[in-house]
Amino acid sequence: MYTVDNGELRAREAPPALDSFAQSIARYDRDSTAGGSYIVSGLTVRDAGDGPDGHQIYTVAEGRARVYGRGVELPTSRRIVFAAEPDLRLIDTEVSIADESAGQEGGQRVSVAHPPIRSIEAVRITTRKTVSLVHGNYSGCADALPDSSVVAIVECRQGDTVFAPGGDYRKNGDRVDWSPSGAEPANGSTYSCTYDCIVAVEPLNPDEDGFSVEGAVAGSSIIVNYRQALPRIDRLAINQDGQFVWITGVGGEDGLSSPSVPEGVLALATVLQTWRNGAGRRQVVNDGVRAVPFSEITAINERIDYLMREVARTRLETDVSTREAGARAGLFVDPLLDDSMRDQGMEQTAAIVDGVHRGHGVRPVGGCDRAHRRAVHAPRVSRAAVPHGRNAGKPL
């Protein structure tokens with residue numbers, strides 16, 4: 001009897017798969033390989049894009065594996081559909097400051113602090129309105145404005161008369177209060193009032209990183225509520241019956257970690273979910289444990305031996321440099337500043353004075369004064385061969 005998953009036969013080992021012999025092999029495989037779960041060949045996972053319904057599509061190449069000591073073989077590649085859903089976090093009342101472009105055509109681009117955006121719940125801006133009001137029937141009354149979320153009254157005007165805030169009127173909630181003792185419009189007359197208020201607007205051109213708004217007052221606050229799709233690491237695994245299993249991680253902005261794989265399943269690949277569209281929407285890493293051929297193990301050991309030899313050589317060179325600053329990889333350098341680099345057991349019969357080789361017959365270098373030994377670098381056309389080491393005792 002075989003099982004069909006999404007129109008494909010479930011991969012499994014040919015019968016009999018549960019006899020004592022197969023059980024013994026599985027037990028030996030688990031004991032000898034510390035778990036018995038590894039990929040033998042193939043089973044490469046690739047991203048195949050998204051389906052028309054938004055579900056993620058992956059392909060798994062044909063191959064063989066051992067899952068908890070039991071053999072699983074896929075004779076053909078498989079297509080996997082994953083209805084992935086992100087972990088959401090509500091970002092409540094994120095504030096941005098409007099600039100001059102908010103009052104122009106096309107509006108101001110607002111980039112949120114916690115992308116990617118899954119959905120925008122609400123956008124509120126401070127806009128400026130001018131309305132006509134009819135003054136009340138008695139002096140000192142308060143005239144109601146059409147909006148309840150009034151931030152400030154900018155101006156009250158009747159014809160050429162501009163009323164003074166504080167002395168003539170004041171803001172009282174969403175009303176123009178004419179109770180101060182100053183001037184006011186005639187009862188029943190019409191006047192214009194300009195005020196700033198907070199209104200809800202629809203975001204323009206929204207994407208994963210932000211949106212645009214129009215009509216906001218420069219310097220005012222743009223308030224947005226949205227839901228962030230938290231990045232997450234998921235893993236695709238296969239069980240002993242050849243079924244593919246998704247292991248979802250925990251979403252977060254920082255410090256993402258891969259979910260642990262339970263015993264009895266083999267992880268094939270890790271998927272980094274960024275919840276973005278287009279290129280880089282997600283990353284697939286084929287990090288499943290694979291069987292390593294002995295030839296490759298031998299090559300790895302040879303590379304390790306080579307590295308160890310290079311480390312040993314570097315240590316020898318470092319040891320030489322700390323013992324004597326003048327010795328570097330077999331090269332001897334004498335700056336001719338004093339006699340510390342000379343063989344004091346040999347007679348010193350050559351000297352360099354003012355960068356020129358003075359040859360034999362001059363005062364010994366060991367007895368000359370500082371003025372005769374101040375030149376460090378000799379000209380290329382003339383160098384002094386000072387007896388040292390194995391050359392000690394040989395004529396210059």
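So, Arg109: have a look at what sits across from it, and you'll find Ser212, over in β18. This is a predicted model, by the way. The strand on the other side of that pair is β10, residues 108-111, and β10 runs antiparallel to β18, with four bridges between the two.

Now stay on β18 for a second, residues 210-213. Which way do its side chains go? Gly210 and Ser212 point one way, while Phe211 and Val213 point the other way. And buried or exposed? Every one of those four is buried.

Okay, next up, Pro203. You'll find Pro203 in the loop that joins β17, residues 190-201, to β18. What does Pro203 touch, once you ignore neighbours within four places in sequence? Its contacts are Ile120, Val123, Phe211 and Ser212. So two names from β18 come back here, Phe211 and Ser212. Then there's Val110: Pro203 is 93 residues from Val110 in sequence, yet their C-alphas are 9.6 Å apart in space.

Let's move to the second largest pocket. It holds about 340 Å³ of space. There are 17 residues in its lining, and the ones nearest the centre are Asp50, Gly54, Arg118, Trp275 and Asn277. By type, the lining splits into seven charged, five polar and five nonpolar residues.

Last thing, confidence. Mean pLDDT for the chain is 82, with 78% of residues at 70 or more. The stretch to watch is 362-396, where pLDDT stays under 50. The model still gives that stretch 57 contacts beyond four places in sequence.

Terms used. Residues numbered from 1 in each chain as written. Predicted model: local features only at pLDDT ≥ 70, side-chain atom pairs only at ≥ 80, totals over all residues. Heavy atoms only, no water. 1 Å grid on protein atoms, 1.4 Å probe; cavity = no way out; pocket = protein on both sides within 12 Å on 5 of 7 lines; lining within 4 Å. Points joined across faces, edges and corners; volume = space filled by probe spheres on them. Nonpolar A, V, L, I, M, F, W, Y, C, P; charged D, E, K, R; others polar. Buried < 20%, exposed > 50% of the residue type's maximum accessible area, 1.4 Å probe, protein only. Pairing = 2+ DSSP bridges. pLDDT = per-residue confidence, 0-100. Contact = heavy atoms within 4.5 Å.
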